[in-house]
Amino acid sequence: MKNKDFYRLIEVSGTPRDMGLQHGRQLRARIHRTVQAMRERIGPEAYEASWRSFQQTARYCRANVPELVEEMEGIAEGAEIEFRDVLNVNAHLDLANWRRLVWNAHNETDATACSSHAVVTDSDVLLGWNGDDWHGWMDCGVVVRGRPDRGQPFIYWSLAGSLGRPGMTPHLALGANSLPSPRWRADGLLYPMLCRKLLACCSAEEALEVFHRYPRCSAMNYLIADRSGLLIDVESTDDRHAVLSPQHHGPGSYLLHTNSYLDASLTESQLGPQACPRLTAAQRLYAEKTPADVAEVREIQSDHTGGICVHEPEACTIVSFVAEIRPGRFHVTRGNPCQAPVRTYSLHAE
Ligand SMILES: [Zn+2]
């Protein structure tokens, strides 16, 4: 197996600025590639115009999550790139929403998709996530393992230059799926920032507080599983959120989510699962046989009967992971889980 078959792992530690500098220096070339791809995909004109709106976001974040802005400044310095380019990498999904709702001023849904599954087994709590997106992002992805001066160790997958995304800590694991955003809000947290705030929590219950504290730029769904076995799913718009729970708790309980709202109070769009075949498929497969270990979660992530494993001309499942929360193991594939080899990263430095 060659290294290019897997996502590269980097280590960062120390203060927010230290972590940013280390991130930027280690991934300089890949961050430049990510910025270039972002500019091309958003369109150079829209990319330039977005700064006016996102400057307001930067000001909001500087006032409310200064440590995450310091980390982004460190990334920019380490990668020898402008701060606004790093902000735009972190605004990946938010920028797509901004382009759709502000720049183009219309409301068709975007193509980005994902699936999140959490399940309590007899001995562990597992969280599986498929990230489905443009296949070109596979050359921009990375696994980041962090050991901040203050707070929990973490490990996550994201694009180079990004502060966070789904991942895990000793306390919990996180999955996320985009939801149709009815509007775009400038003074809120970007998706990777909210992920980092959630990964800094010690329980699923504490993670709920994050949604009361910070508005979001875009709508997004977050699935959180903690080591005690508490599973919660939070559907969030810019300023509202709804919490979903499994039908029962304890071994055998599970919670599944894809890209359609399940809570009618948040949307006028069609509610899942009828709105999303990947959710219908996951619900059927979990009801038939609830996964009892990592391999069985992976099998469902690789499903083609309902398209959970995405193979499209322009898009695919670019990353798939299963987090084993109690032992702190993060099993990741670069590309479709049905065929890509798995690399296991320990949450704790080897
Ligand atoms: Zn597949």
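The paragraphs below lead through the domains, sheets and core of this structure. The model is predicted.

The overall division of the chain is a useful place to begin. Two domains are assigned: domain 1 covers residues 3–103, and domain 2 covers residues 113–346. Their centres, taken over C-alpha atoms, are separated by 21 Å. Where the two domains touch, domain 1 contributes 42 residues and domain 2 contributes 40 residues. On the side of domain 1 that touches domain 2, the elements giving two or more residues are strand 1, helix 1 (16–26), helix 2 (28–42), helix 3 (44–64), helix 4 (66–79), helix 5 (83–90) and helix 6 (92–103). Helix 6 gives the most to that side, with 7 residues. Sorted by class, the side of domain 1 that touches domain 2 has 23 nonpolar, 12 polar and 7 charged residues.

Helix 6 deserves a further look. Its buried residues are His92, Leu93, Asp94, Leu95, Ala96, Asn97, Trp98 and Arg99. The elements covering these buried residues include helix 2, helix 3 and helix 5, together with strand 5 (154–159), strand 7 and helix 7 (191–199). After helix 6 comes Ala105, which has a positive phi near 50 degrees.

The next topic is the sheets. Strands of a sheet pair through backbone hydrogen bonds, in either a parallel or an antiparallel sense. One open sheet here has 8 strands in the order 1-4-5-6-7-8-9-10, and its pairing is mixed. Strand 1 (9–14) and strand 10 (241–244) each have a single partner strand, so these two stand at the edges and one side of each lacks a neighbour in the sheet.

Within this sheet, strand 4 (residues 141–148) and strand 5 are antiparallel and pair over 6 bridges, with Gly146 opposite Phe154 in strand 5. These two strands form a hairpin with 5 residues between them, where Gly151 takes a positive phi near 110 degrees. Strand 5 also pairs with strand 6 (residues 167–168), again in the antiparallel sense, through 2 bridges; here Ile155 faces Met168 in strand 6. Of the 6 residues of strand 5, 6 are buried, so this strand is largely enclosed by the rest of the structure. Further along the sheet, strand 7 (residues 172–178) and strand 8 (residues 220–226) run antiparallel and are joined by 7 bridges. Asn177 has Asn221 in strand 8 as its bridge partner.

A second open sheet consists of 6 strands in the order 11-2-3-12-13-14, with antiparallel pairing. Its edge strands, strand 11 (254–257) and strand 14 (342–346), each pair on one side only. From one strand to the next, the twist averages 15 degrees. Helix 9 (residues 277–288) packs on this sheet, where it touches strand 2 and strand 11, and its direction makes about 160 degrees with that of strand 11.

Strand 3 (residues 125–134) shows how this sheet is put together. Strand 2 (residues 113–120) pairs with strand 3 in the antiparallel sense over 8 bridges, and the two form a hairpin with 4 residues between them. In this pairing Val119 stands opposite Leu126 in strand 3. Strand 3 is also joined to strand 12 (residues 315–324) by 9 bridges, and those two strands run antiparallel. There, Leu126 has Glu324 in strand 12 as its bridge partner. Because 9 of the 10 residues of strand 3 are buried, the strand is largely enclosed by the rest of the structure. At the other end of the strand order, strand 13 (residues 329–334) and strand 14 are antiparallel and joined by 5 bridges. Phe330 pairs with Tyr345 in strand 14.

The final topic is the interior. In soluble globular proteins, nonpolar side chains tend to be buried together. The largest nonpolar core of this model has 105 residues, and Leu172, Leu198, Ile224 and Ala225 have the most contacts inside it. This core lies between domain 1 and domain 2, because both give residues to it. Leu172 illustrates such contacts: leaving aside residues up to four places away in sequence, it touches Cys201, Ser203, Ala204, Ala207, Ile224, Ala225, Asp226, Arg227 and Ile325.

Methods
Residues numbered from 1 in each chain as written. Predicted model: local features only at pLDDT ≥ 70, side-chain atom pairs only at ≥ 80, totals over all residues. Pairing = 2+ DSSP bridges. Core = buried A, V, L, I, M, F, W, Y, C linked by C-beta atoms within 7 Å. Buried ≥ 20, exposed ≤ 12 C-beta atoms within 10 Å, placed from the backbone. Domains from an automatic or database assignment. Contact = placed C-beta atoms within 7 Å. Nonpolar A, V, L, I, M, F, W, Y, C, P; charged D, E, K, R; others polar. Axes fitted to C-alpha atoms, helices over the stretch in contact; angles between N-to-C directions.
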